[in-house]
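Welcome, and please open the structure in your viewer. We will walk through it one selection at a time.

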Amino acid sequence: MRKVAVIGVGMTKFGLLFERDLSSMAVEAGSLAINDAGIEKKDVEVLYGGTMSGGLFSNQEHTGSLLADRMGLNVPSVRVEAACASGGLALRQGYIDIASGMHDIAVVGGVEKMTDTLNTTKVLATAADVEREAVFGATFPGLYAMMAKLHMHRYGTTEVQMADVSVKNHANAVHNKSAHFQKEISVDDVMRSQKIADPLKILDASPISDGAAALVLASEEKARELCDTPVWIAGSGHATDTISLHDREDITTLKATVAAAKQAYGQAHLTSKDIDVAEVHDCFTIAELMAIEDLGFVKKGASGKFTSEGNTKVGGKIPINPSGGLKAKGHPIGASGVAQAIEAVLQLRGDAGKRNTGAHTALTHNVGGSGGTAIVHIFKR
Amino acid sequence: MAIPRIWRQIEEKYNLVGTLCKDCKKKHFPPREVCSCGCYDLEKYRFLGKGEIVTYTVIRISSEDNEDTPFRNIPYVLAIVRLDEGPSLTAQIVQCSESELMIGKKVEMVFRKLLEKGEKGVIQYGYKFRIA
Amino acid sequence: MVGIISWGSYIPRYRIKVEEIAKAQGADAVVIKESLMISEKSFPDIDEDTATMAVEAGRITLSSSAISPEDISAIYIGSESHPYAVKPTGTIVAQALGMGNGYTCADLQFACKGGTAAIQVAYYMAKAGLNVVAGAADTAQSAPGDILEYTAAAGAAMFLVGKEKVCAEIKDTVSFSSDTPDFWRKPQKKYPSHAGSFTGEPSYFRHVMSAAKMLMKKNGTVPKDYDYAVFHQPNGKFPSRVAKKLGFTEKQISDGMLVTRIGNTYSAASLLGLCAVLDIAKPGQRILLTSYGSGAGSDSFDILITENIIAAQKSRKTTQSFIEDKVYGDYLKYLKRAVR
């Protein structure tokens, strides 16, 4: 396999972008990434676009063709879907393509237009087992709430510890102009916010956002030719688990995360101790706590205390979600996995402004559904 | 949900009919085509409908829907139930007060309305659970 | 011998007190309680209907019997709240009871006596050697503000009728019917209409008394030959008065008189009373059961308990346990869940 680098990044602002449609956001992110890479549009040989459900959100399928058309590119264009991990999986598929030698330059992106429907929660629930979970009233907050309930029961994790995740991610997003929210919140704000599915409250949850994010990937030869600051993909992992939460051996662990991390660490010849900064899938605060356990940053059950002690803040032992995470940066489903990679690249280039952690090694972690898919990537300067 | 889709799930939803692997004797719910042991030789198996709560939540905001109308009021209780025979499932726990809810609590299946396709549409029936 | 092999009841857990409804109607609860002789009624949850309640009662019935569900040849359910106007309740219930596909079925409607009509059909089929599931379920509807709102309740009673291991022999059954429009509901209308006091003498009393007298005359019995008497119970007053007029004592009717605590479960009302009696009856005891359905008719049954009742009563979920297992709801909860 050939080495692959990220040579350009671009994203729209995340948020309630009522004036934008699916393709206009994708084109903006893609064009910004192409500009950032300093290449021409004609240099792009293939597109990979992650989007969960153009069909249900916007009544538009065939987004591979649509986005290639709107970009003005008649190249192979692949739509990638793995629910909330669609973006992370698009990155992985693009990586595999370049690494294989099939193409030299790819644009991988992710996009979601979530605010064109009133049925957002129902659309998201299709990432669960529709016939065995959603039909009985399982919503995504409900599924993660059930994980939280058991995590609290088993490990003594508290609602305040979960709130600390939200407070930290909001504080980080204040310095991210692309973020959906640039507003600090307090533990009290979280605790007093509306309950959605006990014990989770509205401020434990990532928002419904529109947005797009894109990367330019290049083979080693092209990267060295075109770019002074390539960021190398050192490891890539992809694992699946049961689609239904109830079929898992352990509801407080995402086995897919553990397995995908093992692949990525193995490929990169690194362990969790070597990671300087991570963007993890915090669709709900409990998800970040479970992620930092499953990725090996802290032992199982200890994530709440670890977080409340400030270890995951920028400047802490292992900064988690310096971008603001899904919680505060926003969570346009298909775009999230790609936006995580953008933060990793900015951190490694030292382009993250006040969020800079001086990292040499960064990890991204993107989850589909309640853990049916997990994608982990490791990036190096 | 389309009519044939409701119809073909009647056995599963009314009577917790899953599968039993003739090889390793593992029981599955919902029914599967292939067992985790690799065996394709599965037969129908009807679960008794008794189990216990593994974890639960009280849902206070649910999805809006203009097609299928679910028969439930906010707030409602959702739980993962481990059946006595092994497999787990996700289901609503009906008619319980929040103080009765506990991890490990014994529950039993009841037969309830799940949803209807609008006022004119057919009614889908199926399993829910109550505190035993 | 033909009769009841097994039985099962179901009453939803929710109750609403007369006081709550009186408050909503701006009425005096004390007066209402005196005139209807009822203190509270059951009401169904939002996801319960005639089919779900019949399944719950039917599952108790079949799980307490040695007869395989696949050996049952027919199912008849009487109700005035079948979930569909066109499409049988019976097939939903049969499917959930695991009766396979080799059965016949049709839904019955005769106001509050659809259930006893179902038992009569089952009785005659059982004479031909078939096992039949028959019974009643209702989520009784009443317009907000109507006097019926104090009594219209929900419940189900199901029976397995046949020839094997009969617990309660049906010795005879007769009916008394006439065209008497005292209570009705037209298609597309949500709530029933009624003729006020006309539902009394020319309707309930005439039919119940005529059927009960006809049965006793035919079988050469008198009220004191019966250990229990169960009558249709639209409120607490009617069955007490009809019992007295016929010569039955309070003691004979008290065990089958559920209306004061659960309300009028329409088609299931007299049959739930029968279930409550079967839960406690002893071999050799005799029951007179008379239903009433508006429009109008009464079915009367002469029932004799056999030795098999002793084994059948063991570990069965009783009607009394359903009556006692209750959660009170206020008027708003009642409106949100039960009024449809």
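Start with chain A and mark the centres of its two domains: taken over C-alpha atoms, domain 1 of chain A and domain 2 of chain A have centres separated by 23 Å. To colour them, select 4-119 + 208-231 for domain 1 and 124-207 + 237-330 + 348-380 for domain 2; such bounds come from an automatic or database domain assignment. Before going on, note that this is a predicted model, where local features need pLDDT of at least 70 and side-chain atom pairs count only at pLDDT 80 or more, while totals for chains, interfaces and linings use all residues. Residues are numbered from 1 along each chain as its sequence is written, chains are lettered from A in the order in which they are written, and side-chain values use heavy atoms, with hydrogens and water left out.

**Stop 1: between the domains**

Next, select the residues where the two domains of chain A are in contact (heavy atoms within 4.5 Å). Domain 1 of chain A brings 30 residues and domain 2 of chain A brings 27 residues. Together the two domains bury about 2100 Å², with 61% of it on carbon and sulfur atoms. Buried area here is the accessible area (1.4 Å probe) that two parts lose on being put together, summed over both.

Now show the side chains of A:D36 and A:R349, which meet in a salt bridge at 2.9 Å, N to O. The term stands for a side-chain nitrogen of Lys or Arg within 4 Å of a carboxyl oxygen of Asp or Glu.

Which elements should you colour on the domain 1 side? β1 (4-11), α2 (54-58) and α4 (86-100) of chain A each supply at least two residues of the side that touches domain 2 of chain A. Of these, α4(A) gives the most, with 7 residues. The residues on this side of domain 1 of chain A divide into 19 nonpolar, 8 polar and 3 charged.

**Stop 2: from chain A to chain B**

Bring in chain B: of the 2 pairs of chains in contact, chains A and B share the most contacts. Select 28 residues of chain A and 39 residues of chain B to see both sides of this contact. Chain A and chain B bury about 2900 Å² between them, 55% of it on carbon and sulfur atoms.

How many salt bridges lie between chain A and chain B? The count is 4. Zoom in on A:D247 and B:R32, whose side chains meet in a salt bridge at 3.5 Å, N to O.

**Last stop: chain C**

Finally, show chain A with chain C: no contact joins them, and their closest C-alpha atoms lie 12 Å apart.

Terms used: Helices (H or I, at least four residues) and strands (E, at least two) are DSSP runs, numbered from the N terminus. Ala, Val, Leu, Ile, Met, Phe, Trp, Tyr, Cys and Pro count as nonpolar, Asp, Glu, Lys and Arg as charged, and the others, Gly among them, as polar.
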